[in-house]
Amino acid sequence: MTPFQSQTTNILVVDDDPRIRQMLTRYFEDEGYGVTAVADGASMRAVLPRISFDAIFLDLVLPGGDDGLALAREIRTGSDVPIIMLTGRGDVIDRIVGLEIGADDYIAKPFHLREVLARLRTILRRRQQPNPLMEQVPEQILRFEGFILDLGRRLLLSASGSEIELTTGEFDMLAVLARHPRRVFTREILMDMTRGRGLEAFDRTIDAQIGRLRRKIERDPKKPELIKSVRGIGYMFAVKAADRS
């Protein structure tokens, strides 16, 4: 058993295909995970309050009026649990939308079970192991434009003192940018520094995360003043954050 895996690691599979539910359930249980598998959004809503899940596999196309994108958006309103979307090969636009909503990863069908397990392990490892960037300055607090970014407690507070909810990926992205003001980062470097894995260089993954961050911290997300785009290269944090360690 690997260090980041335990008998209490609970996985939720939401997929209307009984073969996929059965296949993933058997495979993950053989690997020592607890698995709950349901067929639709209504069943998902029934189990979410009863079990604390460490990750959710969410099919893009579901019956009963709920699709995976709507359910991912619903989950994200109250939880930062990792969401891995299961998609068809041709659903490129839907993958992008899923990432914009806050999904952590996507896996195209048909998939190899070993790849699914590897993606899951990477996401769990990333959540359970401290980010090296945070370890360097565990008590550091950054202030910018009225915001307070507490790296030790992993909190972002507005000028009024209210907490702004960020997913794990959004927080890590903001932390990297704010700690290196006016430095231009390529998408590949941001991927390496925030996701910690050799996933394919899917530029829209970073773009989607930047877009979500802008909607949460910019006065006008369409005319960003904090996170600037650098044409043909990537992004930079345009203001210097005051450091209070």
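The legends below describe several close-up views of one predicted model.

**General notes for the views.** In this predicted model, local features need pLDDT of at least 70, side-chain atom pairs count only at pLDDT 80 or more, and totals for chains, interfaces and linings use all residues. Residues are numbered from 1 along each chain as its sequence is written, and side-chain values use heavy atoms, with hydrogens and water left out.

**View 1. The open sheet and its order of strands.** The sheet is open and has 5 strands in the order E2-E1-E3-E4-E5, paired in parallel, where strands (E, at least two residues) and helices (H or I, at least four) are DSSP runs numbered from the N terminus, and two strands pair if DSSP finds at least two bridges between them. Because E2 and strand E5 (105-109) each have a single partner strand, they stand at the edges, and one side of each is left without a neighbour in the sheet. Neighbouring strands of this sheet are turned against each other by 20° on average, direction ignored.

**View 2. Strands E1 and E2 with the crossover through H1.** Over 5 bridges, strand E1 (residues 10-14) pairs in the parallel sense with strand E2 (residues 34-38). Within this pair, Ile11 stands opposite Val35 in E2, and Leu12 stands opposite Thr36 in E2. From E1 the chain passes through helix H1 (residues 18-30) to E2 in a right-handed β-α-β crossover, right-handed being the case in which, with the strands pointing away from the viewer, the path from the first strand over the helix to the second runs clockwise.

**View 3. The surroundings of Asp172.** Asp172 lies in helix H7 (residues 168-179) and is buried, with a relative accessible area of 4%; buried means under 20% relative accessible area, exposed over 50%, and partly exposed in between, with a 1.4 Å probe and protein chains only. The side chain of Asp172 makes a polar contact with that of Arg154 at 2.8 Å, a polar contact being a pair of N or O atoms within 3.5 Å of which, within protein, one must be able to donate a hydrogen and the other to accept it, while residues adjacent in sequence count only if both atoms are side-chain atoms. The C-alpha atoms of Asp172 and Met193, which are 21 residues apart along the chain, are separated by 8.4 Å.

Note on methods. Axes are lines fitted to C-alpha atoms, for helices over the stretch in contact, and angles run from 0 to 180 degrees between N-to-C directions.
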